[in-house]
Amino acid sequence: MNPDLIIVGGGPAGLAFALSLAGVGLRITLIETHPDEELANPPFDGRDIALTHGSKRILSGLGIWERLPHDQVFAIRDARVLDGHSPYALEFRHQEAGVDALGFLVSNHIIRRALYEAVSVTEDVTLQTNQTVSSVYPEQGSVTVTMCSGESLKASLLVAADSRFSSVRRRVGIAARNRDFGRAALVCRMSHQQDNSGIASECFQYGQTVAVLPLTNQSSSIVITVPTDRAQALSEMTANDFSEWISAKLDSRLGSMDLISERFVYPLIAVLADRFDGPRTALIGDAAVGMHPVTAHGYNLGLSGQQLLAQAVLTARHQGQDIGTPKLLQQYSQRHRRVVLPMYLGTNTLVDLYTTENLPTKILRKALLHAANHLPLIRRVVTDRLVSH
Ligand SMILES: Cc1cc2nc3c(=O)[nH]c(=O)nc-3n(C[C@H](O)[C@H](O)[C@H](O)COP(=O)(O)OP(=O)(O)OC[C@H]3O[C@@H](n4cnc5c(N)ncnc54)[C@H](O)[C@@H]3O)c2cc1C
């Protein structure tokens, strides 16, 4: 039987969207390249995802937050930003925001596993795993998707959640702008002698940036961004050499450090689709906007975007209307873009500022950090964003 809705991509955005629409009588088919076993037991991929309070609320609403093992959810109490080799820091404190923690860290594979567990027992969702899409054909009142198995499905709406390099986006003719930073993020977990005090630090150094995201008191998730060739070299260093290198880059603030996970390298390419709607199609997650990870907004925007689209679909459904009209999809696209665009442009500007190392820019970097520390309004905007969205 044909579904009402087809989702392509069973990553954290596609799975969350399927759950958002479960239980209302919509028949949903989710197409995913990976096999069931991999979705059920996704391997650790080095990504510890910083989630805002808004994302926690969305995941709670889907029954996912409660499924996350308690000892795998880590609080980010405070945050600070450092520039160059100076110990001076721009501070964001949880007390100022009136909360116990500014945000939470959960490993990507733990989120994916919890989402898959919930989706796999949802009757409304049919999983087509080990499948890719070989063609997409939008018509007046429906869209036909053919899978590599040769089977075709017709639905009222197609939702692309198939990563920042979305092939569905391309197939339906939605253009996207890529920004290749020529850099890569190396991510891993490390233990350390000194307590991290639950503080997330972003150190914009010269030549690299190093983020320390607190897990337990004496272990942290480390994100290093460097030119791509250096990321490869760092990932090939012996564990001892690498641990010494990173400890030195952090001026031994965490004492001696030890690598406790594999190292993973992600090329840094940001992508923004020109529109998030197309004929009978909507883009969510990284397929709509793939962010540079420095501001940790990627999945947070993925969650808020899928919620926005789900609400529009649910309203249409309750009113007995078509769930794939151009008006509904355009409204979703415009609303989500209003949130996404300032984040996307702001993040890229920040990256440009903190990867440019001529003298005037170095002076500007320092001046901005000091100014922000003395302007409570700026700090308030950032903490509000973490706490209320
Ligand atoms: C180093 C790093 C750190 C990050 N840190 C943070 C953070 O702290 N906070 C935060 O909010 N975000 C963070 N992010 C971003 C976050 O990881 C992404 O935004 C999120 O994973 C996107 O989810 P998605 O489901 O849209 O896409 P993906 O995770 O890319 O999943 C896409 C899915 O689609 C499937 N697929 C692809 N093509 C097809 C096809 N043709 N047919 C069928 N299936 C297909 C893939 O197999 C995959 O399962 C980080 C990213 C990186 C790289």
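This passage describes strand 1 with its neighbouring strands, and then the shell of residues around the ligand. The model is predicted, so local features need pLDDT of at least 70 and side-chain atom pairs count only at pLDDT 80 or more, while totals for chains, interfaces and linings use all residues. Residues are numbered from 1 along each chain as its sequence is written.

Strand 1 comprises residues 5–8; helices (H or I, at least four residues) and strands (E, at least two) are DSSP runs, numbered from the N terminus. In a regular strand the side chains alternate between the two faces of the sheet. Both faces of strand 1 are covered, with Leu5 and Ile7 buried on one side and Ile6 and Val8 buried on the other, where buried denotes 20 or more other C-beta atoms within 10 Å of the residue's own, C-beta atoms being placed from the backbone.

Strands are taken to pair if DSSP finds at least two bridges between them. Strand 1 runs parallel to strand 12 (residues 157–160), to which four bridges join it, and Ile7 stands opposite Val159 there. Four bridges also link strand 1, again in the parallel sense, to strand 2 (residues 28–31), where Ile28 stands opposite Leu5.

The ligand is surrounded by 33 residues, each with its C-beta atom, placed from the backbone, within 6 Å of the ligand; the closest are Gly9, Gly11, Gly285, Gly298 and Tyr299. Helix 9 gives the largest share of this shell, four residues. Because domain 1 (5–43 + 108–178 + 270–352) and domain 2 (78–105 + 181–267 + 356–388) both give residues to the shell, the ligand lies between them; the domain bounds come from an automatic or database domain assignment.

Note on methods: Buried ≥ 20, exposed ≤ 12 C-beta atoms within 10 Å, placed from the backbone.
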